[in-house]
Amino acid sequence: MMRIPAPLLLALSLAAGAWGTQEQTYTTADFATWSYPKGLVEVRPGGTQVKHFGRTYNAMSDVGQYSASLIGEHGTSPVRTPSGTRTVGRLADQNPDTWWQPDLADPIEKWWVEVDLGRAVAADKIRLIFPDTTGARPFEFFSVFTSPGVPLKASPEQVYFTRVGRPINNNTARVVEFPLNTVDPAGATGQYMVTGDTLHFDLVRFVRFEATGHTVDAALAEIEVETIGFNLALKVNTDGRVEQGAEVWGGRSWTSSERKCAGCGKGTGAEGLVDGDISGRYWAIEAAANPEWRTWGQWGGVDLGNVFRIDRIVWLPLVGGETPYLYGHDRERQTAWGYFDFLTSNGTFSNSADAEVEGPYEYEMLSSVENIATAKRWLFDFQFPTRETRYVFWRLMPGGGNGSWGRAAQLLIYHSEGYPAQVELESPDLDLGNAYSIRHLQWEADTPPDTRIEIETQTGNGFQKVTRYYLTNGQEVTKEQYDAAKARQRGDIVDALVRDPTWSDWSPPHRFSGQDFLSPTPRQWLRVRVKLISDDPEAMPSLRSLTFIMNTPVVGNGLSGEILPREAVLDSLQEFRYLIKPNRAARADLGYDQVLIALPPGSSEAKLVSARVQGREVAAQGQLRGDSLLVILPPPAVKTDSVEVRFQTRVFENPTVFEAFVSNSSQADNTQGVVPAALGSDQVFVPEVSQAASFFQNLNASPVCTPNGDGANDLFHLSFNVVKTARQPSVRIHRLDGAVVAELANATPAAGRASYTWDGQGPEGQTVPPGLYLARIHLETDAGDETLYRLVHVVY
């Protein structure tokens, strides 16, 4: 097997033997240029390596990778001190053999260190590690303080610190630990919720060490902040993290502000719940009470970007009159959080979910909380058996003292010990260099028991240019809206390349190496999505390479093509010319004697007009095969000449893409695609569609129906073209009082033109009385709905 590492565009290696197969291989050198959650996945020369999560996590191990709001001088540096500044960075180097020492000439008031973790963490322990060697001894007298990082309302440049410990006697120990707790006596109940008065952690952003007396050769090697686990919410994609260039693992957070719903509550600040900053943005809403929770709008969700194994969630809403951190927030705009729910999903699709609210996923209830006691809980700790989770959703329910105002500060989501359940890598669009027919996909990997790899693919032939119009507020609008806007409101006009219509959706997963290729082929472009999946938290697969097995093309240097004319009339039978040329002549090629042109759906009237090879007409045969026209050329096989195929068909979409393929009759399974000669040269445009104000075009309806069985006008006929959407309309026959008489089905659903008939029968199978009836044609689309009516005269 030949392997060819290259960054994005790989050269093709030809296998030995004429017109055999060839391989295109992607190795870890290529994977490193793909999109994947860096830090969660490492791409090493020996294969991919996925992060293993521990039971606890030292928040000092990545101090400096996070940033939160500045509060006066607090937060200006991950580790700061006024004394011994040259060595203070050693406190975060994870090396107990290096240390910080204050300057002996400085007064004791300057012998302090402040650590900014850059985010609030749920910490259960502060650990101090001192050196004990010549010239460096443990501090004997000191105190340790922590702060969640919320500024004082009356003094916004200050934060409130709480002392969490100090030595009872003169300290001589090398390691000193201080456990952290939060006292929250309340009577709330809920599944998997810790209900005791004491939670064995505290929310910490700042840690402050202060010497309270002189110690000869005093030194401090490490400050460790042990947390209850790794908070996955800190790796969710947010605008702020993208702007900072921070490491993210994908996903997003959302709330009701994104819902298109007139009169619904609109919450804001979804990103504030996962930013790790209690003093920064927070989720907020003001909405009139509504018995339907979706409409009320007091809900939100987090997409973690991959499928993780979670077993703990910490939730910090701002509970009116209870949350101690309200000194940094508006006390008047809180709610009781009397009833609320948490749900999780592993991403399994659901037909019953609301895609605009919780997303189209199947959720499992985690906890339904009742917090209606006089003393309400303000900090919630949910500990539960491990769940494979990608989506976490919460919702405030009506009742329980919940009012129109709502606020929440942080959502912390913790991974259980072990590997994630599933992570993904995705390639960019990869140019194969020619429209090759891919036959098989194989890979080299380590797959321990209870692990597997699944690979999905997309294929396409190229891209097309689109022009996008933006207002100064960043909103994308149509050209008409842009032209109608005031000059000061008009923003940028951007030309962009987007995928052309030949691109496929994601294929079904390839589940074993050597499996037949499942995306449309031949195509010139390829995109790959790799899923590393584990059913065992202590095992994970590792991928080393991917190889695509392809047929050697019948014309080695490739073929380019174009269709003419480039404009056509909607639903009109007309003649087109498809011209195919070799990119570079090579007489050693096998050549082709068959051309297959993909036609618009429902092209039953299509036919071959003529075929020319190097400008000379030849005795070709044309055969309709489904929605394709097969053109069989006479010998000899075409290798270096151009071929022109003239044919007739109708077009229904704008643009209509005409794909072409060639093959040699001696190799039935070896099909080679024809690549557009220039951007969009395989497309025919239908101006009527782009300029149409209506989704319905060329509508024909018979005015009279005489269902008496005499063979004349016994049926009502209705036909039209649907443009600008793939949605299907509903067609019903109504009496004039609005009652439904019949619902009609499209007799040609695969064709470009919809056709309906009605035999004058009512819902009970009886012939309807003579009179006037209405044919109602209704179409719902994302861009809006449209309804048309046509009168039907029933006479007999």
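Select W283, W315, W337, F340, F342, F380, F382 and W394: ring pairs link them into a cluster. Bear in mind that the model is predicted.

**Inside the cluster**

Zoom to W337 and F340. Their rings meet edge-to-face, with centres 5.6 Å apart and planes at 85°. Both W337 and F340 are buried.

Move to F382 and show its surroundings. Leaving out residues up to four places away in sequence, F382 touches Q191, Y192, M193, D311, R312, I313, W315, F340, F342, S367 and V369.

**The nonpolar cores**

Which residues have the most contacts inside the largest nonpolar core? Select I313, W315, F342, F382, V530 and L546. The core they belong to has 82 residues. Now colour strand β19, residues 299–317. This strand gives the largest share of the core, eight residues. As a general point, nonpolar side chains in soluble globular proteins tend to be buried together.

Next, pick I563, I580, V595 and V684. They are among the 34 residues of a second, separate core.

**A ring pair across a loop**

Across the model, the count of aromatic pairs comes to 45. Take F130 and F142 as one of them: the pair is tilted, 5.6 Å centre to centre, with 50° between the planes. Where do F130 and F142 lie in the chain? F130 is in the loop between β7 (112–129) and β8 (137–138). F142 is in strand β9, residues 142–147. The two are twelve residues apart, and the pair links distant parts of the chain.

Are these rings buried or exposed? F130 has 0% relative accessibility, so F130 counts as buried. F142 has 2%, so F142 counts as buried too. The cut-off for buried is under 20%.

**Charges over rings**

Select K38 and Y36. The charged end of K38 sits over the Y36 ring, 4.2 Å from the ring centre. Then select R208 and W112. Here the charged end of R208 sits over the ring of W112, 4.1 Å from its centre.

**An open sheet**

Finish with five strands, shown as a cartoon. Their order is β48-β54-β53-β50-β51, in an open sheet with mixed pairing. Which strands stand at the edges? They are β48 (704–705) and β51 (740–744). Each has a single partner strand, so one side of each is left without a neighbour in the sheet.

Now isolate β53 (residues 771–781) and β54 (residues 784–794). They pair in the antiparallel sense over eleven bridges. Label I777 as the last stop: opposite I777, in β54, stands L788.

Technical notes:
Residues numbered from 1 in each chain as written. Predicted model: local features only at pLDDT ≥ 70, side-chain atom pairs only at ≥ 80, totals over all residues. Heavy atoms only, no water. Phe/Tyr/Trp six-rings, centres within 6.5 Å; stacked < 30°, edge-to-face > 60°. Helix = DSSP H or I, 4+ residues; strand = E, 2+ residues; numbered from the N terminus. Buried < 20%, exposed > 50% of the residue type's maximum accessible area, 1.4 Å probe, protein only. Lys NZ or Arg CZ within 6 Å of the ring centre and 35° of its normal. Core = buried A, V, L, I, M, F, W, Y, C linked by side-chain atoms within 4.5 Å. Contact = heavy atoms within 4.5 Å. Pairing = 2+ DSSP bridges.
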